[in-house]
Amino acid sequence: MNKQEIKNQAKWMEGAELELERRSKFLSGLIEKKKAKEHQEQPSKLSVRVRAADMPIVLQDRAFRCARDQLDSMPGKLDSKRLALALKKEFDAAYGPAWHCIVGTSFGSYVTHSTGGFLYFSIDKVYILLFRTVVEPLDR
């Protein structure tokens, strides 16, 4: 190989390295976009189905995540009391008192709730009713 061929090959290698780096950045960008989209679609990936709601979306998302985390931490059989208690405590702590939660695979209900404080949803085959009532002081 003469000097000119060596220079041409070195230039070609440099160009190939730059092209490889460009493609790698492009693919990394696509992967990041896909991860961001999956994160935004998280509630739908949780097998969540809203049955009825009078609650801001932000609070609904928090309920979905809390319920899913609790369900994932339960080995085997559903512990409805534990799930209901966890959701109630989470919402009492974050949004003030008087949250109520009913969890099961089959139940009926008819409740009165505060405006903006009602969510009835299911995750897989577990149904969850989360609602808030007003707490008024007793007159003595």
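**A nonpolar surface patch and the overall chain**

On the surface, F26, L27 and L30 come together as a nonpolar patch, and their joint accessible area is about 310 Å². The structure described here is a predicted model. Within this patch, F26 makes a good starting point for a closer look. F26 sits in helix 1, which covers residues 3-40. Is F26 buried or exposed? The relative accessible area of F26 is 52%, and because exposed means over 50%, F26 counts as exposed.

Stepping back from the patch, the view widens to the whole protein chain. Altogether the protein chain contains 4 helices and 4 strands. Read from the N terminus, these elements follow the order α-α-β-α-α-β-β-β. The radius of gyration of the protein chain is 27 Å, whereas the globule rule gives 14 Å for 140 residues; the value is well over that figure, so the chain is more spread out than a compact globule. The box filled by the C-alpha atoms, taken along the principal axes, is roughly 105 × 35 × 20 Å.

What share of the 140 residues counts as buried? For the protein chain, the answer is 26%. The exposed area of the chain is about 10,500 Å², and 55% of this area comes from carbon and sulfur atoms.

Contacts along the sequence complete the picture. Among contacts in the protein chain with a separation of 6 or more, 56% are between residues 24 or more positions apart.

Methods
Residues numbered from 1 in each chain as written. Predicted model: local features only at pLDDT ≥ 70, side-chain atom pairs only at ≥ 80, totals over all residues. Heavy atoms only, no water. Patch = residues over 30% accessible without salt bridge, like charges linked within 9 Å, V, L, I, M, F, W, Y side chains within 5 Å. Areas by Shrake-Rupley, 256 points an atom, 1.4 Å probe, with all protein chains shown as cover. Salt bridge = Lys/Arg side-chain N within 4 Å of Asp/Glu carboxyl O. Helix = DSSP H or I, 4+ residues; strand = E, 2+ residues; numbered from the N terminus. Buried < 20%, exposed > 50% of the residue type's maximum accessible area, 1.4 Å probe, protein only. Rg over C-alpha atoms; globule rule 2.2 N^0.38 Å. Contact = heavy atoms within 4.5 Å.
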